[in-house]
Amino acid sequence: IPAPAMAPAKMVRMVVPRLPDVTLKQQDKSSLRVKFTIEADGKFTSELLEKSGNDKVDQAVRDALIRWQWEPATKDGKPVKSEIEITIELPLRQMR
């Protein structure tokens, strides 16, 4: 029996975060790791797995993430729930 044909979820709309002007600390990160859980109907939730270290930056990213849109993954041509992790690189103006 052949394995089911799987196709990953596809991002169809990405909203770039409006980042605040912030002074970063040495330990702040310029990237965040995000996990998306995409339902079969395309609705999704997102969770910051790795945060920047700056609450204002993290909130700006969360505000943008809720406006993203996804097409669900498919298995044998039918939509299915899936999870995907991505890294978001932040174009922060770093003033250290």
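Does Asp 76 count as buried or exposed, and at what relative accessibility? In the predicted model considered here, Asp 76 counts as exposed, because its relative accessibility is 53% and the cut-off for that class is over 50%. The residue is placed in the loop between β6 (73–75) and β7 (78–80), and its backbone has a positive phi of about 55°, although Asp 76 is not a glycine.

The protein chain as a whole contains one helix and eight strands, arranged along the sequence in the pattern β-β-β-β-α-β-β-β-β. Of its 96 residues, 31% count as buried, and the accessible surface comes to about 6,600 Å², with 51% of that area belonging to carbon and sulfur atoms. When the contacts with a separation of 6 or more are considered, 73% of them are accounted for by residues 24 or more positions apart.

Four aromatic pairs are present in the structure. One of them joins Trp 68 and Trp 70, whose rings are 6.5 Å apart from centre to centre, with 40° between the planes, so that the pair is classed as tilted, the planes being neither under 30 degrees nor over 60 degrees apart. Both of these tryptophans are buried, and together with Phe 36 and Phe 44 they form one aromatic cluster.

A further buried residue is found in the loop between β4 (44–50) and α1 (55–65), where Asn 54 is located. Asn 54 is assigned to the buried class because its relative accessibility is 12%, which falls under the 20% cut-off. The side chain of Asn 54 reaches the backbone nitrogen of Lys 56 at 2.9 Å, a distance within the 3.5 Å used for polar contacts.

On the surface, Met 11, Met 14 and Val 16 form a nonpolar patch, and the accessible area of these residues together is about 290 Å². Within this patch, Met 14 lies in the loop between β2 (10–13) and β3 (31–38). Met 14 counts as partly exposed because its relative accessibility is 49%, a value in between the limits of 20% for buried and 50% for exposed residues. The loop residues described here thus include the exposed Asp 76, the buried Asn 54 and the partly exposed Met 14.

Conventions
Residues numbered from 1 in each chain as written. Predicted model: local features only at pLDDT ≥ 70, side-chain atom pairs only at ≥ 80, totals over all residues. Heavy atoms only, no water. Helix = DSSP H or I, 4+ residues; strand = E, 2+ residues; numbered from the N terminus. Buried < 20%, exposed > 50% of the residue type's maximum accessible area, 1.4 Å probe, protein only. Contact = heavy atoms within 4.5 Å. Areas by Shrake-Rupley, 256 points an atom, 1.4 Å probe, with all protein chains shown as cover. Phe/Tyr/Trp six-rings, centres within 6.5 Å; stacked < 30°, edge-to-face > 60°. Polar contact = N/O pair within 3.5 Å; in protein donor to acceptor, adjacent residues only side chain to side chain. Patch = residues over 30% accessible without salt bridge, like charges linked within 9 Å, V, L, I, M, F, W, Y side chains within 5 Å. Salt bridge = Lys/Arg side-chain N within 4 Å of Asp/Glu carboxyl O.
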